[in-house]
2 protein chains.
Amino acid sequence: MRTIEKTDEYLKAHGIMPSYQRIRVFDYLHNNRNHPTVDSIYKELVGDIPSLSKTTVYNTLRLFNEKGIILIINIEDNESRFDADISNHGHFKCKECGEIFDFDLGKDDLHILKLEEFSIDEQHVYLKGRCPKCK
Amino acid sequence: MRTIEKTDEYLKAHGIMPSYQRIRVFDYLHNNRNHPTVDSIYKELVGDIPSLSKTTVYNTLRLFNEKGIILIINIEDNESRFDADISNHGHFKCKECGEIFDFDLGKDDLHILKLEEFSIDEQHVYLKGRCPKCK
DNA sequence: TATAAATTTGTAATGATTACAAAGTTGTAA
DNA sequence: TTACAACTTTGTAATCATTACAAATTTATA
Ligand SMILES: [Mn+2]
Ligand SMILES: [Mn+2]
Ligand SMILES: [Zn+2]
Ligand SMILES: [Zn+2]
């Protein structure tokens with residue numbers, strides 16, 4: 001479990017003013033690596049922070065993404081998911097149980113010839129199917 | 001330009017009753033490889049088919065996807081795009097001009113070790129950045 | 001032709017996300 | 001401390017893509 005003090009420094013180091021709400025949202029993402037939705041983040045935190053607004057969660061997550069400390073996962077077309085693991089990795093979603101699994105990408109995968117002339121900012125690899133338990 | 005007769009056969013071969021609307025939607029996708037949205041498909045076709053309903057476009061595209069003759073591209077989180085090219089390829093979206101480019105994936109890319117035990121149905125590779133023109 | 005099945009259509013509902021402005025908080029300078 | 005500006009949070013309303021639904025139309029079958 002990440003401590004408040006550490007998160008405070010981490011946010012500051014990335015140009016983010018560490019308000020209480022922002023710290024709590026980041027800690028939640030840091031401690032829950034199951035790629036939660038806005039709704040699940042909100043529902044979890046509003047128990048502790050009764051005044052919390054869902055708009056704040058949206059604003060905070062957008063800010064975190066702009067500052068580069070979280071990834072937005074759009075493996076599902078009808079809702080975004082969020083990830084404090086900003087390493088270059090892929091996501092697998094099981095169509096049966098809904099769980100989203102991380103997997104490593106080869107070191108310099110996707111060094112596509114045709115894209116020599118393109119400048120690449122983001123890379124997303126999404127797979128869907130059945131996980132070992134559900135298969 | 002694909003002829004109506006050919007599309008008619010193609011749809012039948014995939015268990016799809018070739019109604020006039022379905023043929024026109026498929027032909028549009030087959031002839032426009034720029035990954036159009038529901039709205040652009042609808043706006044283009046309703047000029048020719050005044051009775052066309054956007055619901056029909058949605059229904060038709062969902063059916064095509066279920067039958068495996070088109071891909072749904074969710075590179076953008078706020079709208080789906082559609083592709084009659086069902087070969088295994090990746091998509092690059094330019095953040096400047098918005099254009100979506102196709103690119104080849106290595107033959108058996110993404111043969112990830114960790115995923116040996118998983119059964120993979122779909123694979124999506126999305127990149128974002130600047131295209132050569134906009135860079 | 002008559003009847004059933006499939007398809008299309010228009011409208012209403014859904015639901016995630018965004019816009020917006022008021023309220024609250026924090027930092028700073030006098 | 002006080003005053004003011006900047007920043008953050010909050011609640012509500014709007015947006016907008018997509019889906020639900022049932023009536024109307026078309027097509028298939030007997
Ligand atoms: Mn992840
Ligand atoms: Mn494509
Ligand atoms: Zn599963
Ligand atoms: Zn461009």
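The expected span of a helix is 1.5 Å times one less than its number of residues. I begin with that rule because it can be applied directly to two helices in the structure before us. Please keep in mind that this is a predicted model.

Consider helix α2 of chain A, residues 20–31. This helix has 12 residues, and the distance from its first C-alpha to its last is 16 Å, close to the 16 Å expected. Its buried residues are A:Ile23, A:Arg24, A:Val25, A:Phe26, A:Asp27, A:Tyr28 and A:Leu29.

The second helix is α4 of chain B, residues 54–66. Its 13 residues should span 18 Å, and the end C-alpha atoms are indeed 18 Å apart, so the expected and modelled values agree. Which residues of α4(B) are buried? They are B:Val57, B:Thr60, B:Leu61, B:Leu63 and B:Phe64. Viewed down the axis of α4(B), the buried residues fall within an arc of 160 degrees, and therefore they line one face of the helix. At the start of α4(B), a side-chain oxygen of B:Ser53 comes to within 3.1 Å of the backbone nitrogen of B:Thr55. Just after the helix, B:Gly68 adopts a positive phi of about 85 degrees.

I turn now to the interface. The size of an interface is often given as the accessible area lost when the parts come together. Here, chain A and chain B bury about 2900 Å² between them, with 58% of that area on carbon and sulfur atoms. Of the area that chain A buries against chain B, 17% is supplied by A:Phe118, A:Leu127 and A:Lys128, more than by any other three residues. In terms of contacts, 31 residues of chain A meet 31 residues of chain B.

How many salt bridges are there between chain A and chain B? The count is four. In one salt bridge, the side chain of B:Glu122 meets that of A:Lys95, at 3.1 Å from N to O. The interface also holds 14 residue pairs in polar contact, with both residues at pLDDT 80 or more. On the chain A side, strands β4 (100–104) and β5 (119–130) each supply at least two of the residues that touch chain B. The largest share, 12 residues, comes from β5(A).

Two individual residues deserve attention. A:Asn74 lies in the loop between β1 (71–73) and β2 (81–83) of chain A. Is A:Asn74 buried or exposed? Its relative accessible area is 12%, and because buried means under 20%, A:Asn74 counts as buried. Leaving aside neighbours within four places in sequence, A:Asn74 is in contact with A:Ser80 and A:Tyr126, and also with B:Asn74 and B:Asp77. A:Ile86 is 12 residues from A:Asn74 in sequence, and their C-alpha atoms are 15 Å apart in space.

In chain B, B:His35 sits in the loop between α2 (20–31) and α3 (38–45). B:His35 is buried, at 1% relative accessibility. Its side chain makes a polar contact with the side chain of B:Asp83, at 3.1 Å. With neighbours within four places in sequence set aside, the residues in contact with B:His35 include B:Ile73, B:Arg81, B:His91 and B:Asp102.

B:Arg81 brings me to the salt bridges within chain B. B:Arg81 forms one with B:Glu79, the closest N and O atoms being 3.4 Å apart. The two partners differ in accessibility: B:Arg81 is buried, at 13%, whereas B:Glu79 is partly exposed, at 32%.

Over all chains, the structure holds 20 salt bridges. Among them is the one between the side chains of B:Glu76 and B:Lys93, at 2.8 Å from N to O. This pair links distant parts of the chain, with B:Glu76 in the loop between β1 and β2 and B:Lys93 in strand β3 (residues 89–94), 17 residues apart. B:Lys93 is buried, with a relative accessible area of 13%.

Another salt bridge joins the side chains of B:Glu99 and B:Lys133, at 3.4 Å from N to O. That pair also links distant parts of the chain: B:Glu99 is in the loop between β3 and β4, B:Lys133 is in the segment after β5, and the two are 34 residues apart. B:Glu99 is partly exposed, at 34%, and B:Lys133 is exposed, at 64% relative accessibility.

Finally, in chain A, salt bridges that share partners join A:Asp39, A:Lys43 and A:Lys54 into one network. Thank you for your attention.

Methods
Residues numbered from 1 in each chain as written. Chains lettered and ligands numbered in written order. Predicted model: local features only at pLDDT ≥ 70, side-chain atom pairs only at ≥ 80, totals over all residues. Heavy atoms only, no water. Helix = DSSP H or I, 4+ residues; strand = E, 2+ residues; numbered from the N terminus. Buried < 20%, exposed > 50% of the residue type's maximum accessible area, 1.4 Å probe, protein only. Arc of directions from axis to C-beta. Polar contact = N/O pair within 3.5 Å; in protein donor to acceptor, adjacent residues only side chain to side chain. Contact = heavy atoms within 4.5 Å. Buried area = accessible area lost by both parts, 1.4 Å probe.
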